[in-house]
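Q: Could you walk me through the sheet in this one, strand by strand? Once that's done, I'd like to hear about the charged pairs and anything else worth a look.

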Amino acid sequence: MDLFDYMRENTIKQESPLASRLRPQTLDEVVGQQHIIGKDKLLYRAIQADKLSSIIFYGPPGTGKTTLAKVIAHTTSAAFEQINATVAGKKDMEDIVAKAKDNLGMYGKKTILFVDEIHRFNKGQQDYLLPYVEDGTLILIGATTENPYFEVNGALLSRSVIFELKPLEKEDIKKLIVRAVQDEKKGMGSFHAQIDEDALEFLADVANGDARSALNAVELGILTTAKSEDGKVHITLDTAQECIQKRVIRYDKTGDNHYDTISAFIKSMRGSDPDATAYYLARMLYAGEDVRFIARRILICASEDVGNADPQALVVASAAAQAVERLGMPEARITLSQAALYVACAPKSNAAYMAVDKAMEVVKTQKTAPIPAHLQDAHYKSAAKLGHGAGYLYAHDYKNHYVRQQYLPDALKDSRFYEMTEIGYEKKMKEHLDKIKAEADSE
């Protein structure tokens with residue numbers, strides 16, 4: 001490293017964001033995640049003993065994945081290399097592998113490779129690392145915000161231990177904020193700032209477990225607030241609210257939070273809980289979810305879970321889907337709320353959904369049965385000569401517009417696909433069918 005490189009690194013270190021400067025150097029400085037780095041836990045013991053195998057850290061942003069990797073870098077005797085999967089290419093990996101081979105062959109020294117956002121690597125890039133992880137040339141540490149079981153090569157997973165990091169607790173965030181304000185060496189202590197208790201509570205709460213978000217707000221507040229008459233910077237509740245104007249919400253439209261939230265939304269509608277339905281709808285809207293996507297999910301729920309217990313649910317959901325196309329946000333939130341809450345409060349029946357699936361299973365697994373002759377089309381040329389349509393009973397010629405006749409193929413004539421419930425409008429439909437069938441049988 002020459003003088004210019006040294007000066008550049010030193011400048012970056014001094015001017016880096018507070019969240020970066022405040023990163024712990026040792027395990028004892030880490031706040032939170034005691035379920036994986038408590039003193040009796042596997043990861044703590046492995047780091048302290050410098051006996052790491054390949055691992056993957058999985059969790060939301062701001063929970064300490066990179067922090068733990070940095071702690072390992074300062075603790076281990078192995079060489080430590082870091083790349084970010086969003087910008088690293090095969091050449092970068094080839095250079096690191098070459099260094100790792102030299103370290104192992106010449107000095108008997110292992111190499112740890114930390115890959116941030118490992119889910120961004122494509123299959124080919126992940127496959128490239130596999131043989132070097134397998135033979136011990138590299139010890140892999142991956143960090144991802146996405147479910148590794150979906151995003152990481154199965155072969156890499158089988159050679160790694162997965163540690164899931166949880167959003168930090170409110171008390172953990174408060175500890176970090178206080179440390180940031182008071183630490184003169186790595187934090188903002190030289191500004192002699194003070195943070196009011198209500199501002200501390202607010203920032204710790206609104207950060208939603210994301211330490212980086214809270215620390216960024218603290219840094220912004222201290223740097224942009226003028227000193228008071230006592231010569232100190234005072235972070236009040238008003239200042240804190242200005243510095244983190246919108247509550248942090250973990251939501252990636254292609255990731256776990258997207259699927260988890262829409263799943264909770266649908267299950268709340270299905271479970272007839274309008275309050276939970278409104279809450280999960282609000283979370284999606286707040287995070288900027290596509291209103292058309294939400295409308296489609298309400299449409300599906302209206303048929304799948306309400307069905308004929310209240311056929312009007314599908315009408316409301318369909319109208320809402322059309323309306324949001326024309327309205328857009330913010331007005332679309334009102335229409336979506338109306339439709340979602342209607343579906344949530346409607347009587348439920350999945351009988352129509354089950355009927356078609358049951359019938360499709362029969363179609364898929366059984367030999368295609370001939371359609372009864374009396375139901376076949378009698379209009380095309382020579383159809384009548386073949387007996388097509390002969391004996392068909394026209395329902396409207398009979399009382400109640402109903403007449404007993406066989407509609408299913410002979411092989412399935414006793415099958416029941418639609419098992420109507422005793423709920424909502426479906427109950428009325430069932431009563432109607434039972435009534436006209438009974439009257440037809442009595443004549």
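A: Here's a tour that starts at the sheet, moves on to the helices and salt bridges, and ends at the surface. Keep in mind that this is a predicted model.

The sheet is an open one with 5 strands, ordered S2-S3-S4-S1-S5, and the pairing is parallel. Strand S2 (79-84) and strand S5 (161-164) take the edges; each has a single partner strand, so one side of each goes without a neighbour in the sheet. As for twist, neighbouring strands here are turned by 15° against each other on average, ignoring direction.

Zoom in on the S2 edge. S2 runs parallel to strand S3 (residues 111-116), and 6 bridges join the two. If you want a spot to click on, take Phe 80: its bridge partner in S3 is Ile 112. As a general reminder, strands of a sheet pair through backbone hydrogen bonds, either parallel or antiparallel.

Now for the helices that lie across these strands. Helix H5 (residues 65-75) lies across strand S1 (55-58), S2, S3 and strand S4 (138-144), and runs at about 145° to S1. Helix H7 (residues 123-134) lies across S3 and S4, with an angle of about 135° to S4.

On to the charged pairs. The structure has 21 salt bridges. One of them is between the side chains of Arg 21 and Glu 219, at 3.5 Å from N to O. Arg 21 sits in helix H2 (residues 18-21) and Glu 219 in helix H12 (residues 211-224), so this pair ties together parts that lie 198 residues apart in sequence. Both Arg 21 and Glu 219 are buried.

Helix H20 gives you pairs within one helix. Lys 430 and Asp 434 form a salt bridge, with their closest N and O atoms 3.3 Å apart. They both lie in H20, 4 residues apart, or about one turn of the helix. Lys 430 is partly exposed at 23% relative accessible area, and Asp 434 also counts as partly exposed, at 41%. Then there's Glu 439, which forms a salt bridge with Lys 435, the closest N and O atoms being 3.0 Å apart. Glu 439 and Lys 435 are again 4 residues apart in H20, about one helical turn. Lys 435 is partly exposed, with 46% relative accessibility. Elsewhere, salt bridges with shared partners join Lys 170, Glu 171, Lys 174, Glu 197 and Glu 201 into one network.

Lys 174 from that network also turns up in the surroundings of Leu 200, a residue of helix H11 (residues 197-206). Leaving aside neighbours within four places in sequence, Leu 200 is in contact with Lys 174, Ile 177, Val 178 and Ile 195. Leu 200 has a relative accessible area of 7%; buried means under 20%, so Leu 200 is buried. For a sense of spacing, Leu 200 and Ala 214 are 14 residues apart in sequence and 9.6 Å apart in space, C-alpha to C-alpha.

Last stop, the surface. Tyr 392, Tyr 394 and Tyr 407 make a nonpolar patch of about 340 Å². Tyr 392 is found in the loop between helix H19 (351-365) and helix H20 (424-442). With a relative accessible area of 40%, Tyr 392 is partly exposed.

Key
Residues numbered from 1 in each chain as written. Predicted model: local features only at pLDDT ≥ 70, side-chain atom pairs only at ≥ 80, totals over all residues. Heavy atoms only, no water. Patch = residues over 30% accessible without salt bridge, like charges linked within 9 Å, V, L, I, M, F, W, Y side chains within 5 Å. Areas by Shrake-Rupley, 256 points an atom, 1.4 Å probe, with all protein chains shown as cover. Salt bridge = Lys/Arg side-chain N within 4 Å of Asp/Glu carboxyl O. Buried < 20%, exposed > 50% of the residue type's maximum accessible area, 1.4 Å probe, protein only. Pairing = 2+ DSSP bridges. Axes fitted to C-alpha atoms, helices over the stretch in contact; angles between N-to-C directions. Contact = heavy atoms within 4.5 Å.
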